[in-house]
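Hi,

Here is the structure I promised to pass on. Have a look at it first, then read my notes below.

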Amino acid sequence: FGVAMAGTCSWSVSGGGSISAAGLFTAGTSDVVTLTHTVTATDGPVSGTAAITVAVGGWSMYISVPGYFDRADTLTNFPALLVLSNNVGGSGFDYSTLLTTNGCDLRFTDAAGTTNLSYEIESWDPGGASYVWVQVPALPGNGAGGFWATWGDPAATNRLPCTTNGATWSQGYQLVEHFTCTGGTAVADSSPFRRTATITSAAYSWKNPGPSSGCLRMFSGLNDRVDLGTTTNVHLSNGWWTASAWFMNLQPATAARTLFRGNVNDHQVIVKNGSTALGTQTNTTFQQCGTATLSPPNGTWHQVTAVATGGVTRMYVDGVPLGSAGCKSTNDIRCINNYQSGGQKFAEYIDEVRIATAGRSRDWVWAEYMTVASPGSFLQYGAAASVSTPQIDAACNANGCITPAGSVETPTDRVYVRV
């Protein structure tokens, strides 16, 4: 490599960063794009240069899940809700460090940083709160679960397929409705099946926020409902299913109140006419789930979950098991928030409707409630830190050269260059 240099060299750098008398280069902390810095070593009349390319990888933040602790089950591929905002949880996260205005440069990996995770951006608001669902591969019951969020990498600003194809909801989900404020009568489905339901109501409005970023208010009367129709209704023929929804302002007890109803038979979740008894109804037979009742005060959000396994239906309210009935539906779910012909409206507001052909465990139901009810305590945000990966490209000239020998020390981004 040209003429060898002898003795002690003097070092200089152009293009940003700094270099010590010993030849220790440190990338500039303000670098936000890929930059090339030229390092020069001089020994009397002989000098050599090397181009040091600092490929900035943006920012990273570790997100732990301490809220899922003292539980028996390890949850697999669980969708957890992130509610991002500037300095969320004291993390230092800032929207200004993203390279896109819609969050497309967000990426998530497992705790080891080696496996990419599916995620869905429910809504994005750089001026406030953004709601993002991340499919966490494993949540151990001791609170030790976690994953990485990264953003700001110039090489990763494209929208990933997982944000729109339902991959985040692959764990048995047949229907996932966030009721994000989109207007119109169509209700989008985030599950892999991409079903479209229709609002049947003479007076309704999309509200923001609900338990998540949006919710649906229907206030025209007892016939208000969300209808999947007879071609995209969810079939329950395998006999193992879970159906849940958030609601506010339960209808008065002047009629039965149906949350989920089949096309011809079965009310998967119903509050009995003239009563507060909460249960399920196959054909015309109502069975209360143990001693479960439902009569929350208006103005408060609550979640109801029904889980069918074996020959029973178990009922949960706000993640707490209330009892079971010795029957279950094996037909279908067509209507949400009412009977398919109307007259049995459940509540004025609904949000976060989910149907899965899987019988969720008690711990899954509890975690699904907590990640929405208290996302700030279910998750914990670590410090947002800048990430860069320096690389060396050797350059020789007639007088000498700099050999790209040394090491990269993360996260301080230092590179040793020898002559």
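How many bridges join strand 21 to strand 22? There are 5, and the two strands run antiparallel. Strand 21 covers residues 277-282, and Thr 282 stands opposite Thr 285 in strand 22. Two strands count as paired if DSSP finds at least two bridges between them.

Before going on, some ground rules. This is a predicted model, where local features need pLDDT of at least 70 and side-chain atom pairs count only at pLDDT 80 or more, while totals for chains, interfaces and linings use all residues. Residues are numbered from 1 along each chain as its sequence is written, and side-chain values use heavy atoms, with hydrogens and water left out.

**The overall picture**

The chain has 2 helices and 32 strands. Those are DSSP runs (helices: H or I, at least four residues; strands: E, at least two), numbered from the N terminus. Of its 419 residues, 51% count as buried. Buried means under 20% relative accessible area, exposed means over 50%, and partly exposed is in between, with a 1.4 Å probe and protein chains only. The chain exposes about 16700 Å², and carbon and sulfur atoms supply 51% of that; the areas come from the Shrake-Rupley method with a 1.4 Å probe, and for residues only the protein chains shown count as cover.

Now for contacts, meaning heavy atoms within 4.5 Å. Among contacts in the chain with a separation of 6 or more, 67% are between residues 24 or more positions apart.

**The sheets**

Strands 21 and 22 belong to an open sheet of 8 strands, in the order 12-13-16-27-19-20-21-22, with antiparallel pairing. Its edge strands are strand 12 (186-187) and strand 22 (285-293), and each pairs on one side only.

Another open sheet has 3 strands in the order 6-9-8, again with antiparallel pairing. Strand 6 and strand 8 (119-123) are at its edges with a single partner strand each, so one side of each has no neighbour in the sheet. From one strand to the next, the twist averages 25 degrees. Strand 8 pairs with strand 9 (residues 130-139) over 4 bridges, and Ile 121 stands opposite Val 132 in strand 9. Helix 1 lies across strand 6 and strand 9, at about 10 degrees to strand 6. For such angles, axes are lines fitted to C-alpha atoms (for helices, over the stretch in contact), and angles run from 0 to 180 degrees between N-to-C directions.

Take a look at strand 7 (residues 107-110) too. In a regular strand the side chains alternate between the two faces of the sheet. Here, Arg 107 and Thr 109 point one way, Phe 108 and Asp 110 point the other way, and all are buried. Strand 7 is joined to strand 10 (residues 146-151) by 4 bridges, antiparallel again, and the bridge partner of Asp 110 there is Phe 147.

**One residue to zoom in on**

Gln 135 lies in strand 9 and is buried, with a relative accessible area of 9%. Its side chain reaches the backbone oxygen of Thr 168 at 3.2 Å, and a polar atom of that side chain lies 3.4 Å from the backbone oxygen of Ala 167. Leaving out residues up to four places away in sequence, Gln 135 touches several others, including Asn 77, Phe 78, Leu 117 and Trp 169.

**Salt bridges**

How many salt bridges does a search of the whole structure find? It finds 6, each one a side-chain nitrogen of Lys or Arg within 4 Å of a carboxyl oxygen of Asp or Glu.

One is between Arg 71 and Asp 363, with the closest N and O atoms 3.1 Å apart. The pair links distant parts of the chain, 292 residues apart: Arg 71 is in the loop between strand 5 (46-64) and strand 6 (75-84), and Asp 363 is in helix 1 (residues 362-373). Is each partner buried or exposed? Arg 71 is partly exposed at 23%, whereas Asp 363 is buried at 8%.

Another joins Arg 334 to Asp 227, at 2.9 Å between the closest N and O atoms. These two are 107 residues apart, with Asp 227 in strand 16 (residues 225-227). Arg 334 counts as buried at 17%, and so does Asp 227 at 11%.

Finally, Glu 352 and Arg 354 meet in a salt bridge (2.9 Å, N to O), and both are buried. Salt bridges that share partners join Glu 352, Arg 354 and Glu 368 into one network.

Cheers

How values were computed: Polar contact = N/O pair within 3.5 Å; in protein donor to acceptor, adjacent residues only side chain to side chain.
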